[in-house]
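The following questions and answers examine a protein model. Please consult the sequence and the structure as you read.

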Amino acid sequence: MSHKACYTNPGAGVKRPRNDTGNKLTVVLGAQWGDEGKGKVVDLLATESDIICRCQGGNNAGHTVVVDGKEYDFHLLPSGIINSKALSVIGNGVVIHLPGLFEEAEKNEKKGLKDWEKRLIISDRAHIDDFKNTFLRLFDFHQAVDGLQEVQRQAQEGKNIGTTKKGIGPTYSSKASRTGLRICDLLADFKDFSMRFKNLAQQYQAMFPTLEVDVDGQLKKLKEYAERIRPMVRDGVYFMYDAINGPPKKILVEGANAALLDIDFGTYPFVTSSNCTVGGVCTGLGIPPLNIGDVYGVVKAYTTRVGIGAFPTEQLNEVGELLQTRGHEVGVTTGRKRRCGWLDLVILRYANMINGFTAFALTKLDILDVMDEIKVGVSYKLNGKKIPYFPANMDVLQKVEVEYEKLPGWKSDTSTCRKWEDLPVKAQNYIRFVEIHVGVPIKWVGVGKARESMIQLF
């Protein structure tokens, strides 16, 4: 038979046009090392959204949202769960610590969160980070392993990665080595799940002989959690497909962590275990790139990072101390003090190369109110030559020389400003300087903790 005879369909071999219909997802991502104030931007957009999604990370994320004077802390739940008219989705790319999920919900219930379980959708393909052991109170064995791995790294190399010890890395390791357990496994044949759970526990005990696991006790708890989450679990891919291709809906994606913590593009190895750049949205929810709409990058008006690793604009002086104190720079998840430094535009340009931001939200501008002079890192030099890229190797990044531009401080209180015109001219100049040098417009400027402290520029 000739090849020609195979094609009975007259349309065969004709390129199918890509269908540009369907709802677009608005994405909010961190553009530095995390802690930029993503929760606040998400909360602002969530008030008008129908669906709010998490696509990666686990309870190593920490978002604080202030509504009506009440401060809510979210680690695993999308911070859009506050919106009683919207659905919140935990996608397949998230690793779920079930005890943490319920503890977090209960804490926020005491602050006024209601009926969250009726508004939460959990993807059946999400991996479980949820195995408690007897020697660490309420910690799963992935969390115990995470802590043990940190101890081993410290002993072997004299340095650790600075993980949150929430078990995120070991859970993603199990996922990559195809030994992980998913929500769909927990809700299927429990006998089969129990056998696989025991095998996973034995693997970890062989690797870490000091690890103790109360297998029967944990399985009992997991069986209880299975029944509690069963009504929330859906096929995540079909749910998102239906949401995108159904009636008009506003769909929001809340990124966790940030560009410089991305497993591929961050300051490796001092990174998280997932893709927290825009590609993680597609793989973490099971959606086509075509349906990604606006991508907003959240940027602090200065730079911070938690844990160790290269930090070119870090200020180990009174400037760093002032930023740390005025900005209350302590991690929501870890309680660790954040390292502080000047705004680094090389990082922002790099994050934009990967994510293609529609616009920025610039947060915590008010922290700079007392500065006489503000420095901004505009470029890096290596061996006396300016480099147009962000170095991949951490030893190289440690050696870069930062070139700064100095801008005059505005020396006045911006925390009561609610419109662009209210901001001091020198503060406006600082904002425009960032826009021009990075090539991304700034849509919001944050001057305080509350919802109304976000000034919208366009």
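**Salt bridges, helix packing and backbone geometry**

Q: Which residue forms a salt bridge with D422?
A: In this predicted model, the closest N and O atoms of the pair are 3.9 Å apart, and the cut-off for a salt bridge is 4 Å. D422 is partly exposed, at 35% relative accessibility. Its partner is likewise partly exposed, with a relative accessible area of 47%. The residue that pairs with D422 is K419.

Q: Is K118, which meets D115 in a salt bridge, buried, partly exposed or exposed?
A: The side chains of D115 and K118 meet at 3.8 Å, N to O. D115 has a relative accessible area of 41% and is partly exposed. For K118 the value is 64%, and residues over 50% count as exposed. K118 is therefore exposed.

Q: How many residues apart along the chain are R339 and E314?
A: R339 and E314 form a salt bridge whose closest N and O atoms are 2.8 Å apart. The pair links distant parts of the chain, with R339 in strand β13 (residues 339–341) and E314 in the loop between β12 (303–305) and α11 (318–326). Their separation along the chain is 25 residues.

Q: Which residues are linked in a network of salt bridges?
A: Side chains of opposite charge can pair when their charged atoms come close. A search of the whole structure finds 20 salt bridges. A network of such bridges links D35, K300, E329, R338 and K364.

Q: Why are helices α3 and α8 described as oblique to each other?
A: The axes of α3 (residues 98–110) and α8 (residues 215–229) come within 10 Å. Angles under 35 degrees count as roughly parallel and those from 65 to 115 as roughly perpendicular. The two helices are therefore oblique, since their axes cross at roughly 55°.

Q: How many charged residues does the contact of α3 with α8 have?
A: α3 passes α8 in a left-handed crossing. The contact is made by L98, P99, F102 and E106 of α3 and by L222, Y225, R228 and I229 of α8. By class, six of these residues are nonpolar and none is polar. The number of charged residues is two.

Q: What is the handedness of the crossing in which α7 passes α8?
A: The axes of α7 (residues 190–207) and α8 come within 11 Å and cross at roughly 140°. The two helices are therefore oblique to each other. The crossing of α7 past α8 is right-handed.

Q: How many nonpolar residues are in the contact of α7 with α8?
A: On the α7 side are F190, F193, S194, F197, K198 and A201, which meet V215, Q218, L219, L222 and K223 in α8. Two residues of this contact are polar and two are charged. The nonpolar residues number seven.

Q: Is G91 buried or exposed?
A: G91 lies in the loop between β5 (87–90) and β6 (95–96). Leaving out residues up to four places away in sequence, G91 touches R54, S123, A126, G284 and L285. Its C-alpha atom is separated by 6.4 Å from that of I122, 31 residues apart along the chain. With 2% relative accessibility, below the 20% limit, G91 is buried.

Q: What is the value of phi at R178?
A: Most residues other than glycine have a negative phi. R178 has a positive phi although it is not a glycine, and its place is in the loop between α5 and α6 (183–186). R178 is exposed, with a relative accessible area of 73%. The phi of R178 is about 65°.

Q: Where is N383 found?
A: N383 is not a glycine, yet its phi is positive, at about 50°. At 77% relative accessibility, N383 counts as exposed. N383 is found in the loop between β16 (373–382) and β17 (385–387).

Q: What is omega for the cis peptide bond that joins Y268 and P269?
A: Most peptide bonds are trans. P269 lies in the loop between β10 (251–254) and α10 (279–285), and a cis peptide bond joins Y268 to P269. Omega for this bond is about 10°.

How values were computed. Residues are numbered from 1 along each chain as its sequence is written. This is a predicted model: local features need pLDDT of at least 70, side-chain atom pairs count only at pLDDT 80 or more; totals for chains, interfaces and linings use all residues. Side-chain values use heavy atoms; hydrogens and water are left out. Buried means under 20% relative accessible area, exposed over 50%, partly exposed in between (1.4 Å probe, protein chains only). Helices (H or I, at least four residues) and strands (E, at least two) are DSSP runs, numbered from the N terminus. Axes are lines fitted to C-alpha atoms, for helices over the stretch in contact, and angles run from 0 to 180 degrees between N-to-C directions. Angles under 35 degrees count as roughly parallel, over 145 as roughly antiparallel, 65 to 115 as roughly perpendicular and the rest as oblique. A crossing is left-handed if the near helix is turned anticlockwise from the far one by less than a right angle, and right-handed if clockwise. Contact means heavy atoms within 4.5 Å. Ala, Val, Leu, Ile, Met, Phe, Trp, Tyr, Cys and Pro count as nonpolar, Asp, Glu, Lys and Arg as charged, and the others, Gly among them, as polar.
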